[in-house]
Amino acid sequence: MSSPKIKKAIRDLGNSLQTEMHEAFAAGWNAFLATHSGLLMAHGIKDFRIGFEEAWAKYWHSRKSE
């Protein structure tokens with residue numbers, strides 16, 4: 001059985017990795033929007049920034065199921 005300190009260290013590491021992945025995903029998302037915002041607006045997607053958290057949740061869920 002692992003000690004509480006080891007469990008906390010593992011949990012903290014997991015949280016740190018998830019935070020870093022969230023930041024990388026956000027950077028990619030923002031770069032995509034900056035590059036393709038005109039295309040998205042042309043297709044009637046007016047407020048395309050609202051979908052970030054939903055996109056992140058889908059991405060993170062897909063990573064967990066691998």
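In the predicted model, the count of salt bridges comes to 1. The pair consists of D12 and K8, whose side chains meet at 2.7 Å, taken from N to O. This separation lies inside the limit of 4 Å between a side-chain nitrogen of Lys or Arg and a carboxyl oxygen of Asp or Glu, and the contact therefore qualifies. Side chains of opposite charge can pair when their charged atoms come close. Both partners belong to helix α1 (residues 4-42), and because D12 and K8 are 4 residues apart there, about one helical turn separates them. An α-helix has 3.6 residues a turn, so residues three or four places apart point the same way. Neither partner is classed as buried: D12 is partly exposed, with a relative accessible area of 35%, and K8 is likewise partly exposed, at 44%.

The protein chain contains 2 helices and 0 strands. Of its 66 residues, 15% count as buried. The exposed surface of the chain amounts to about 5400 Å², of which carbon and sulfur atoms supply 62%.

Helix α2 covers residues 52-64, 13 residues in all. At 1.5 Å a residue a span of 18 Å is expected, and the C-alpha atoms at the two ends are 18 Å apart, so the expected and computed values agree. Within α2, the residues F52, A55, W56 and W60 are buried. These residues cover an arc of only 130° around the axis, and therefore lie on the same side of α2. The other side of the helix carries K58, H61 and K64, which are exposed.

The buried residues of α2 recur in the largest nonpolar core, which has 6 residues: F25, A26, F52, A55, W56 and W60. Two elements, α1 and α2, give two or more residues each to this core. The largest share comes from α2, with 4 residues. In soluble globular proteins, nonpolar side chains tend to be buried together.

Core residue A26 is located in helix α1. Its relative accessibility is 17%, and A26 therefore counts as buried, the cut-off being under 20%. A26 and W56 are 30 residues apart along the chain, yet their C-alpha atoms are separated by 8.2 Å. Another member of the core, W60, touches Q18 and M21 when residues up to four places away in sequence are not counted.

Notes. Residues numbered from 1 in each chain as written. Predicted model: local features only at pLDDT ≥ 70, side-chain atom pairs only at ≥ 80, totals over all residues. Heavy atoms only, no water. Buried < 20%, exposed > 50% of the residue type's maximum accessible area, 1.4 Å probe, protein only. Areas by Shrake-Rupley, 256 points an atom, 1.4 Å probe, with all protein chains shown as cover. Expected span 1.5 Å × (residues − 1). Arc of directions from axis to C-beta. Core = buried A, V, L, I, M, F, W, Y, C linked by side-chain atoms within 4.5 Å. Contact = heavy atoms within 4.5 Å.
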